[in-house]
Amino acid sequence: MDEPLIVERRDSWHKLILNRPDKLNALNPSVLAALIGAFDQAEADRSCRALLLTGAGRGFCAGQELSDAIIPGPDNPNPDLGGIARSYHQGVIARLRGLPLPVVCAVNGVAAGAGANIALACDVVLAGRGASFVQAFVRIGLVPDCAGTFFLPRLIGEARARALAMLGEPVTATQAEAWGMIWQAVDDDALSFEAEALTTRLAALPTEALAMMKRLFAASAANTLDAQLDLEARTQAEAGRTADYAEGVRAFLAKRRPAFTGGR
Ligand code: T3D
């Protein structure tokens with residue numbers, strides 16, 4: 001049987017490829033567990049300084065697998081769909097946001113339901129111009145999960161977030177870029193090259209500082225201005241003790257390119 005998730009290890013980063021192309025990489029417990037396992041491996045691998053997440057075939061991810069969906073019926077009047085969310089979706093999103101590594105997402109086709117929101121949880125999102133983002137949940141009578149109701153209003157504002165969630169209309173990659181939902185839309189045939197180049201670039205940056213930025217952005221969602229300023233000061237003190245900071249300043253003064261080691 002094909003692996004539901006392919007992990008390619010490069011010199012300084014890992015590429016994770018959702019691998020159920022016949023189902024547009026729909027998510028099931030095997031894929032979700034493999035994803036969480038791959039995040040754990042990346043964090044444990046000291047040489048891994050960035051991740052790239054993408055999909056095999058023509059789609060990125062069509063959300064949760066619907067062929068084995070539990071639906072209410074006489075035998076099961078009160079199914080608990082929250083179980084998948086609690087067992088897997090929450091873990092995937094929490095790990096993506098909490099990983100001390102930058103995560104690039106290369107959206108290579110349709111990203112629907114949980115697939116769209118997993119993409120939006122990544123740090124830098126590139127999408128091929130043929131890709132689209134669909135809050136498909138409403139089409140089957142569900143509500144957005146994988147933190148779609150958290151990320152979408154923060155990325156594109158409530159007016160657009162509410163309409164997208166309620167109407168389930170697709171957003172093209174070009175529109176997503178114009179709205180600030182993603183970093184960049186690129187030509188489909190350039191997506192893989194651009195995403196790998198970006199991941200390689202991020203993997204050569206001061207990894208600890210990037211991890212601290214992730215913590216700062218995460219905290220800013222709930223902090224007051226004063227609390228955020230205080231957190232920035234404390235985090236800057238931490239950044240100021242890293243070898244990459246020393247290297248950055250030395251390189252600047254010597255008018256050479258810094259050689260950051262990541263310090264992981
Ligand atoms: O269970 C729980 O825990 C609840 C949690 C839910 C979280 C969620 O993610 S809910 C949202 C689930 N996803 C969807 O509702 C999206 C379903 N898919 C679609 O609407 C469409 O496939 C797309 C808009 C994504 C793409 O359309 P299109 O025309 O490009 O492709 P297609 O022909 O519909 O799909 C291609 C194949 O993938 C097809 O299989 P076939 O007929 O060739 O054998 C289709 O059935 C399969 N597929 C697509 N999405 C899913 C799927 N199979 C299972 N589950 C899917 N989600």
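Which atom of Asp22 lies 3.5 Å from an oxygen atom of the ligand? In this predicted model, a backbone N or O atom of Asp22 is found at that distance. Two further polar contacts involve Arg58 and Leu66. Arg58 contributes a polar side-chain atom, placed 2.9 Å from an oxygen atom of the ligand. Leu66 contributes a polar backbone atom, and its partner is a nitrogen atom of the ligand at 2.9 Å. The ligand taken alone exposes 1100 Å², of which the protein buries 64%.

The shell around the ligand holds 22 residues. Those that come nearest are Arg58, Ala62, Gln64, Leu66 and Ala114. Arg58 and Leu66 thus appear twice, as nearest residues and through their polar atoms, on the side chain for Arg58 and on the backbone for Leu66. By residue class, the shell comprises 13 nonpolar, 4 polar and 5 charged residues. Secondary structure elements also contribute. Helix H2, spanning 82-98, supplies at least two residues of the shell. Strand E6, spanning 110-112, likewise supplies at least two.

Strand E5 covers residues 103-107. The strand is mostly covered, with 5 of its 5 residues buried. Burial extends to both faces. On one side lie Val103, Cys105 and Val107. Val104 and Ala106 lie on the other. E5 is paired with strand E3 and with strand E7. E3, residues 51-55, runs parallel to E5 and is joined to it by 4 bridges. Within this pairing, Leu52 has Val104 of E5 as its bridge partner. E7, residues 124-128, also pairs with E5 in the parallel sense, again over 4 bridges. Here Ala106 is matched with Leu126 of E7. Val104 and Ala106, the bridge partners named for E5, share one face of the strand.

The cysteines were examined next. A disulfide is a covalent bond between the sulfur atoms of two cysteines. The count in this model comes to 0 disulfides. Cys105, a residue of the buried strand E5, is in no disulfide, and the nearest cysteine sulfur, that of Cys122, is 4.3 Å away. Cys122 is in no disulfide either, and its nearest cysteine sulfur is that of Cys105, at 4.3 Å. The cut-off for a disulfide is a sulfur pair within 2.5 Å, so a pair at 4.3 Å does not count. Cys105 has 0% relative accessibility and therefore counts as buried. Cys122 has a relative accessible area of 5% and is buried as well.

Conventions: Residues numbered from 1 in each chain as written. Predicted model: local features only at pLDDT ≥ 70, side-chain atom pairs only at ≥ 80, totals over all residues. Heavy atoms only, no water. Buried < 20%, exposed > 50% of the residue type's maximum accessible area, 1.4 Å probe, protein only. Pairing = 2+ DSSP bridges. Near = heavy atom within 4 Å. Polar contact = N/O pair within 3.5 Å; in protein donor to acceptor, adjacent residues only side chain to side chain. Areas by Shrake-Rupley, 256 points an atom, 1.4 Å probe, with all protein chains shown as cover. Nonpolar A, V, L, I, M, F, W, Y, C, P; charged D, E, K, R; others polar.
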